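Q: Please take one part and look at it closely: the search for cavities, and the strands that share residues with the lining. Keep it plain for a beginner.

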Amino acid sequence: MVLDLKICPACGDRAERPRVENGLLVCAVCAHRWPFRRLPLFALTGPSGAGKSTVGPRLAERLGDLALVVEQDVLWTGALRDDVPGHPAFRSTWLRMAAMLHQNGRPVVLCGTVAPPEFERLPERVFFSGIHYLALVSEPDALRKRLLARPAWREWDEERVEEMLEFNEWLQAEAPSMDPPVELFDTTHIAVDDAVDHVEKWVRGLLSGTQRPNAAVG
């Protein structure tokens with residue numbers, strides 16, 4: 001069992017704003033310090049319909065020796081599905097979950113629609129050495145066609161499609177100026193295998209220039 005990193009293993013206090021000093025988590029109540037694995041998180045983002053759900057399963061097969069690939073929407077339920085801009089409770093829960101998974105020694109590739117402003121300002125951001133963002137995007141007409149072709153249970157009506165097209169446009173315009181910048185990859189005319197190749201190289205390339213994922217950060 002992996003303890004929630006917001007909970008002090010000494011006194012049991014649950015930190016609202018976790019503290020990290022010199023690579024150690026620090027309890028604000030009892031001053032206990034303890035080591036943890038502070039790994040990078042990989043956010044495979046982009047609008048719905050750009051290819052995340054198609055790439056994800058194949059990416060998991062490719063990266064089985066190196067990383068854990070997880071689908072963000074599995075927690076899009078209950079109280080986490082609120083109307084607050086940015087959905088901070090949902091985002092915070094995922095950062096906590098990813099940080100706990102990291103304690104097993106492999107970084108997480110999180111597949112889901114997210115942008116840096118929704119992660120970087122959260123208290124749980126401190127658990128990660130960095131968050132890297134790669135957005136799959138598409139030309140508007142192709143994205144519209146993909147979304148409207150989805151099964152009826154997904155409820156993609158014209159209003160939702162327009163919202164996603166706006167996000168797709170905004171992401172492509174703002175990606176270079178975000179902090180950190182978001183890398184873009186257009187899937188409009190790309191075969192699935194080529195998209196998987198690109199994402200795999202992105203993850204492996206970034207990890208090859210950082211600390212190995214099975215090493216603890218002290």
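A: A cavity is a set of points on a 1 Å grid over the protein atoms alone where a 1.4 Å probe fits but cannot get out; lining residues have an atom within 4 Å of a point. This is a predicted model, where local features need pLDDT of at least 70, side-chain atom pairs count only at pLDDT 80 or more, and totals for chains, interfaces and linings use all residues. Residues are numbered from 1 along each chain as its sequence is written, and side-chain values use heavy atoms, without hydrogens or water.

The whole structure was searched, and one cavity of 30 Å³ or more turned up. The largest cavity holds about 60 Å³ of space.

Now the wall. Leu5, Lys6, Cys8, Asp13, Ala15 and Pro18 are among the lining residues. So are Arg19, Leu25, Val26, Cys27, Ala28 and Trp34. Sort the lining by class: nine residues are nonpolar, three are charged, and none is polar.

Next, the strands (DSSP runs of E, at least two residues). Arg19 of the lining falls in strand S1 (19-21). Leu25 and Val26 belong to strand S2 (residues 24-26). Trp34 sits in strand S3 (33-35).

These strands form an open sheet, ordered S1-S2-S3, with antiparallel pairing (a pair needs at least two DSSP bridges). S1 and S3 each have a single partner strand, so one side of each has no neighbour in the sheet. Three bridges join S2 and S3 in the antiparallel sense. Look at Leu24: its bridge partner in S3 is Pro35.

How values were computed. Helices (H or I, at least four residues) and strands (E, at least two) are DSSP runs, numbered from the N terminus. On a 1 Å grid over the protein atoms alone, a cavity is a set of points where a 1.4 Å probe fits but cannot get out, and a pocket is an open set with protein on both sides within 12 Å along at least five of seven lines; lining residues have an atom within 4 Å of a point. Grid points are joined across faces, edges and corners, and a volume is the space filled by probe spheres set on the points. Ala, Val, Leu, Ile, Met, Phe, Trp, Tyr, Cys and Pro count as nonpolar, Asp, Glu, Lys and Arg as charged, and the others, Gly among them, as polar.
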